[in-house]
Amino acid sequence: MDKEEKMDFFERFSNFMEHDTRGVQIITYGVAGIGFLAALYKIRPFARFTSPSDVPKHFFTKKVLLEGTVKNVAPSEQPYLLIDHKPLVPLPRLGIQKYLPVKIAGVNITGNGMSWLQAIVKGQKVKFLPIAKDNEFLTCIVMLAQKDNEPASIGKELLKVGFGTVADIKPFLPTDKDVKGYQRSLQLAQKWAERKRNGIWHFKYSPTILWKIRNNLDNKLKSTLPASLARYFNI
């Protein structure tokens, strides 16, 4: 094909595109429609998850944060939350209400922890980040929504009051920075509870004279410092 033939081909194609605007619109809308459907598949804006199998695999790798309300705390060897998942675009409910079973990642919860969840977390709005799933449960980093402050990690709060112990979460996402940071925060919370003799640690470690002196000093310092500084110094 020589230069003149090439020019003739492009001229005919340009003329066709200029005159056949309906064909161009169909192609444009078709491409846009495919992109829209692909986006809907990724974010699932209308999906209300009620089972761990409902959550797509890419939600774990993309770290999609979900929202919902804790409707109940189910008793078992390790208590778990029953969450009414809120989709991005809520639709009217049809049929029997069913809730998503969610386990709090990285925490072995005690009996007192079960009572704490019932009293503090039940009925509250939460945000939860899925990190693993099996046939029965979705394992998540669960955060309690707060009006004036950042969401509070429920796992961390359980450990701070001594109503649980740190569990290994390495099998889930061992190399993920957020998961490693979360695990570290749990370990620090447990150490704080041990130092304060909170919950289960009150009976495990007898209060020595040195501990009583240190604890009294911490309490006095906490009462004089602003709340933000007390939190910063972990008092």
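**Entry 1: strand pairing**

Two strands pair if DSSP finds at least two bridges between them. I began with β6 and strand β7 (residues 152-153), which are joined by 2 bridges and run antiparallel. The model I am reading is predicted. One bridge here sets Leu-144 against its partner Ala-152 in β7.

I then followed β6 to its other partners. Strand β5 (residues 125-133) is joined to β6 by 7 bridges, and these two strands run antiparallel. Lys-127 has Met-143 in β6 as its bridge partner. β5 and β6 form a hairpin, and 4 residues lie between them.

β3 is also joined to β6, by 3 bridges, but this pair runs parallel. Across that pairing, Val-102 stands opposite Leu-138 in β6. I went one strand further and found β2 joined to β3 by 3 bridges, with the two running antiparallel. Leu-81 stands opposite Val-102 in β3. I noted Val-102 twice, since it faces Leu-81 in one pairing and Leu-138 in the other.

A general point for the margin: in a regular strand, side chains alternate between the two faces of the sheet.

**Entry 2: how covered these strands are**

Is β6 largely enclosed or not? I found 6 of its 7 residues buried, so the rest of the structure largely encloses β6. I checked strand β3 (residues 100-104) next, and it is mostly covered, with 4 of its 5 residues buried.

**Entry 3: the core**

Which residues touch the most other members of the largest nonpolar core? They are Ile-104, Leu-117, Phe-128, Val-142, Ile-154 and Leu-158, in a core of 37 residues. Strand β6 (residues 138-144) gives the most to this core, with 5 residues.

I picked Leu-158 and listed its contacts, leaving out residues up to four places away in sequence. Leu-158 touches Ile-104, Val-107, Ile-109, Gly-113, Trp-116, Leu-117, Phe-163 and Gly-164. Two of these names, Ile-104 and Leu-117, I had already written down among the core residues that touch the most other members.

**Entry 4: Val-121**

I looked up Val-121, which is found in helix α4 (residues 111-121). Is Val-121 buried or exposed? Its relative accessibility is 0%, so it counts as buried, the cut-off being under 20%. Not counting residues up to four places away in sequence, Val-121 touches Val-70, Trp-116 and Ile-154. I also took one C-alpha distance: Val-121 and Asn-72 are 49 residues apart along the chain, and their C-alpha atoms are separated by 8.8 Å.

**Entry 5: salt bridges**

How many salt bridges does the structure hold? I count 2.

In one of them, the side chains of Arg-48 and Asp-84 meet at 3.5 Å, N to O. The pair links distant parts of the chain, 36 residues apart. Arg-48 sits in the loop between α2 (21-43) and α3 (58-61), and Asp-84 in strand β2 (residues 80-86). Arg-48 is partly exposed, at 25% relative accessible area. Asp-84 has 13% relative accessibility, so it counts as buried.

In the other, the side chains of Asp-178 and Lys-63 meet at 2.9 Å, N to O. Asp-178 lies in helix α6 (residues 177-196) and Lys-63 in the loop between α3 and β1 (66-74), so this pair ties together parts that are 115 residues apart in sequence. Asp-178 is partly exposed at 44% relative accessibility. Lys-63 is also partly exposed, with a relative accessible area of 34%.

**Entry 6: the whole chain**

I ended with the totals. The chain has 9 helices and 8 strands. Of its 235 residues, 32% are buried. The accessible surface comes to about 15600 Å², and 58% of that belongs to carbon and sulfur atoms. I looked at contacts between residues at least 6 apart in sequence, and 59% of them join residues at least 24 apart.

Definitions and conventions:
Residues are numbered from 1 along each chain as its sequence is written. This is a predicted model: local features need pLDDT of at least 70, side-chain atom pairs count only at pLDDT 80 or more; totals for chains, interfaces and linings use all residues. Side-chain values use heavy atoms; hydrogens and water are left out. A nonpolar core is a set of buried Ala, Val, Leu, Ile, Met, Phe, Trp, Tyr and Cys residues joined through side-chain atoms within 4.5 Å. Buried means under 20% relative accessible area, exposed over 50%, partly exposed in between (1.4 Å probe, protein chains only). Contact means heavy atoms within 4.5 Å. A salt bridge is a side-chain nitrogen of Lys or Arg within 4 Å of a carboxyl oxygen of Asp or Glu. Accessible areas come from the Shrake-Rupley method with a 1.4 Å probe; for residues, only the protein chains shown count as cover.
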